[in-house]
Amino acid sequence: MLSFVLQKGSEVYAYNSNGGVLWSKTGTLLGYTSDTVTMQIGNTTYVFGERGQILHMK
């Protein structure tokens with residue numbers, strides 16, 4: 001489960017409930033829920049799962 005997600009410069013960091021980094025990616029954070037992170041990378045919008053896997057892209 002994602003606890004919180006932060007944008008630091010061009011990097012997006014996803015954290016667990018203990019404050020540990022689950023994953024990070026370069027792009028622009030658009031939003032997140034407890035299960036997904038939506039990011040813009042280039043001209044493409046990605047939805048990532050809690051493990052950083054791509055769930056959807058458009």
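With 58 residues, this protein would be expected to have a radius of gyration near 10 Å if it were a compact globule, and the value found is 10 Å, so the two agree. The model is a predicted one, and the numbers below are all computed from it. Along the principal axes, the C-alpha trace stretches over about 35 × 25 × 15 Å. The accessible surface adds up to about 3500 Å², and carbon and sulfur atoms supply 51% of that. As for what is tucked away, 26% of the 58 residues count as buried. Contacts between residues 24 or more positions apart make up 18% of those with a separation of 6 or more.

The fold is easy to list: there are seven strands and zero helices. Read from the N terminus, the elements simply go β-β-β-β-β-β-β. These strands turn up in two sheets, described here in turn.

One sheet is open and has three strands, in the order β1-β2-β3, paired in the antiparallel way. Its edges are β1 (4-8) and β3 (21-26); each has a single partner strand, so one side of each has no neighbour in the sheet. From one strand to the next, the twist averages 20°. Strands in a sheet are held in pairs by backbone hydrogen bonds, and the pairing can be parallel or antiparallel. Between β1 and β2 (residues 11-15), five bridges make up an antiparallel pairing. Lysine 8, for instance, has glutamate 11 in β2 as its bridge partner.

The other sheet, also described as open, is built from four strands in the order β4-β5-β6-β7, again with antiparallel pairing. Here β4 (28-32) and β7 (54-57) are the edge strands, each pairing on one side only. The average twist is 25° from one strand to the next. Strand β6 (residues 44-49) runs antiparallel to β7, and three bridges join them. Valine 47 takes part in this, with histidine 56 in β7 as its bridge partner.

A few single residues help to fill in the picture of this second sheet. Threonine 45 is part of strand β6. With a relative accessibility of 18%, threonine 45 falls under the 20% cut-off and therefore counts as buried. Its surroundings, leaving aside residues up to four places away in sequence, consist of Leu30, Thr38, Met39, Gln40, His56, Met57 and Lys58, which threonine 45 touches. With glutamine 40, the side chain of threonine 45 also makes a polar contact of 3.2 Å.

Glycine 42 sits in the loop between β5 (36-41) and β6. Its relative accessibility is 62%, so glycine 42 counts as exposed. Glycine 27 is 15 residues away from glycine 42 along the chain, and their C-alpha atoms are 7.5 Å apart.

Over in strand β4 is tyrosine 32. At 40% relative accessibility, tyrosine 32 ends up as partly exposed, because that label covers values between the 20% and 50% cut-offs. Not counting residues up to four places away in sequence, tyrosine 32 touches Ser3, Phe4, Val5 and Val37. Phe4 and Val5 fall within the range given for β1 (4-8), and Val37 within that of β5 (36-41). From tyrosine 32 to lysine 8, the C-alpha to C-alpha distance is 15 Å, with their positions 24 residues apart in sequence.

Note on methods: Residues numbered from 1 in each chain as written. Predicted model: local features only at pLDDT ≥ 70, side-chain atom pairs only at ≥ 80, totals over all residues. Heavy atoms only, no water. Pairing = 2+ DSSP bridges. Axes fitted to C-alpha atoms, helices over the stretch in contact; angles between N-to-C directions. Rg over C-alpha atoms; globule rule 2.2 N^0.38 Å. Buried < 20%, exposed > 50% of the residue type's maximum accessible area, 1.4 Å probe, protein only. Contact = heavy atoms within 4.5 Å. Areas by Shrake-Rupley, 256 points an atom, 1.4 Å probe, with all protein chains shown as cover. Polar contact = N/O pair within 3.5 Å; in protein donor to acceptor, adjacent residues only side chain to side chain.
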